[in-house]
Amino acid sequence: MKSGARTPRRPRLAVLLSGSGRTLQNLIDRIADGRLHASIAGVGSNRADAFGLQRALDHGLEARTLANASATWSWIAELDVDLVVLAGYLRLLPIEPDFAGRVLNIHPSLLPRHGGAGMHGERVHEAVLAAGDKESGCTVHLCDDRYDEGRMLLQARVPVLAGDSPTTLAARVFAAECEAYPAGIALRWRELCGR
């Protein structure tokens, strides 16, 4: 950025999740320590029993269970957010035209390998190991109306080690995700702000 150039304002995020909220916690931590310049306006889930909703409440964030895509987009409109961040959200979300290019996801493999419907969590790491891949990682991408096919923003790579199990590989990939997702969010926001 040129000297004297203004920093774009911090984007307001809506976070959608289906599970424990580990990725949400990473974003909360990165915002708190100043490594991610953003704010979280609310956290939604398609599952009332998602622990991530309680995690959101514990941090003073609005948390809501959302029954369907229509309810999700109505809530997002109420929040007046800039970006929607999928954080372990296990439902295909048809993208509203106003949000084209503003919905991000992170996938625990090097897309296009090991992506698509049903490929999440341990299934992805099992597929990487079964394929004999020498490296894995994660991909931050824009969402469209198909699983894991939107434009890639960035990837982070990790080695697949001899003796890896899905659990050990998953831990290494998640560590990469913790760096890559905040970087991808910041990158997309700069793109949208023309910086």
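Reader: How many salt bridges does the count come to?
Author: The count comes to 13 salt bridges. Keep in mind that this is a predicted model.

Reader: OK, start with Asp133. Which side chain does Asp133 meet in a salt bridge?
Author: Asp133 meets the side chain of Arg113, at 2.7 Å from N to O.

Reader: And why does that pair tie parts together?
Author: Asp133 lies in the loop between H4 and strand S6 (135–142), while Arg113 lies in the loop between S5 and H4, so the pair ties together parts that are 20 residues apart in sequence.

Reader: Is Asp133 buried or exposed?
Author: Asp133 is buried, with a relative accessible area of 14%. Its partner Arg113 counts as partly exposed, at 44% relative accessibility.

Reader: What about Asp164, which residue does Asp164 form a salt bridge with?
Author: With Arg172, and the closest N and O atoms are 2.8 Å apart. Asp164 is buried at a relative accessible area of 15%, and Arg172 is partly exposed at 21%. The cut-off for buried is under 20%, so Arg172 does not count as buried.

Reader: Which residues do salt bridges that share partners join into one network?
Author: Glu62, Arg64 and Glu78 are joined that way.

Reader: Got one for Asp49 too? Which residue is the partner of Asp49 in a salt bridge?
Author: Arg47 is the partner of Asp49, with the closest N and O atoms 3.0 Å apart. Asp49 is exposed, with a relative accessible area of 56%, and Arg47 is partly exposed, at 36%.

Reader: Switching to pockets. What volume does the largest pocket have?
Author: About 840 Å³. The lining has 40 residues, and the closest to the pocket centre are Gly88, Leu90, Pro108, His120 and Gly121.

Reader: How do the residues of that lining divide into nonpolar, polar and charged?
Author: For the largest pocket, 18 lining residues are nonpolar, 14 are polar and eight are charged.

Reader: Which element gives the most to the lining?
Author: H5 does, with six residues. Helix H1 (22–32), strand S5 (103–107), helix H4 (122–131) and H5 each supply at least two residues of the lining.

Reader: Now the hydrophobic stuff. In the largest nonpolar core, which residues touch the most other members?
Author: Val15, Leu24, Ile40, Val43, Leu104 and Ile185 do, out of 34 residues in that core. Helix H5 (residues 166–193) contributes the largest share of this core, seven residues. So H5 comes up twice: it gives the largest share of the core and the most residues to the lining of the largest pocket.

Reader: And how many residues are in the second, separate core?
Author: That second core has 17 residues, among them Ile76, Leu86, Tyr89 and Leu93. As background, nonpolar side chains tend to be buried together in soluble globular proteins.

Reader: Backbone geometry next. Which residues does a cis peptide bond join?
Author: Leu111 and Pro112, with omega at about 15 degrees. Pro112 lies in the loop between S5 and H4. In general, most peptide bonds are trans, and most residues other than glycine have a negative phi.

Reader: Fine, so what is phi of His114?
Author: Near 60 degrees, a positive value in a residue other than glycine. His114 lies in the loop between S5 and H4. At 15% relative accessibility, His114 counts as buried.

Reader: Then Asp148, what phi does Asp148 have?
Author: Asp148 has a positive phi of about 60 degrees, although Asp148 is not a glycine. You'll find Asp148 in the loop between S6 and strand S7 (152–159). Asp148 is buried too, with a relative accessible area of 14%.

Reader: Where does Asn26 lie?
Author: Asn26 lies in helix H1. Asn26 is buried, with a relative accessible area of 9%. Setting aside neighbours within four places in sequence, Asn26 is in contact with Glu177, Cys178 and Pro182.

Reader: Last one, Gly21. Which residues does Gly21 touch?
Author: Not counting residues up to four places away in sequence, Gly21 touches Gly52 and Arg55. The place of Gly21 is in the loop between strand S1 (12–17) and H1, and Gly21 is buried at a relative accessible area of 5%.

Reader: And how many Å apart in space are Gly21 and Gly150?
Author: They are 23 Å apart, C-alpha to C-alpha, and 129 residues apart in sequence.

Definitions and conventions
Residues numbered from 1 in each chain as written. Predicted model: local features only at pLDDT ≥ 70, side-chain atom pairs only at ≥ 80, totals over all residues. Heavy atoms only, no water. Core = buried A, V, L, I, M, F, W, Y, C linked by side-chain atoms within 4.5 Å. Buried < 20%, exposed > 50% of the residue type's maximum accessible area, 1.4 Å probe, protein only. Helix = DSSP H or I, 4+ residues; strand = E, 2+ residues; numbered from the N terminus. 1 Å grid on protein atoms, 1.4 Å probe; cavity = no way out; pocket = protein on both sides within 12 Å on 5 of 7 lines; lining within 4 Å. Points joined across faces, edges and corners; volume = space filled by probe spheres on them. Nonpolar A, V, L, I, M, F, W, Y, C, P; charged D, E, K, R; others polar. Salt bridge = Lys/Arg side-chain N within 4 Å of Asp/Glu carboxyl O. Contact = heavy atoms within 4.5 Å.
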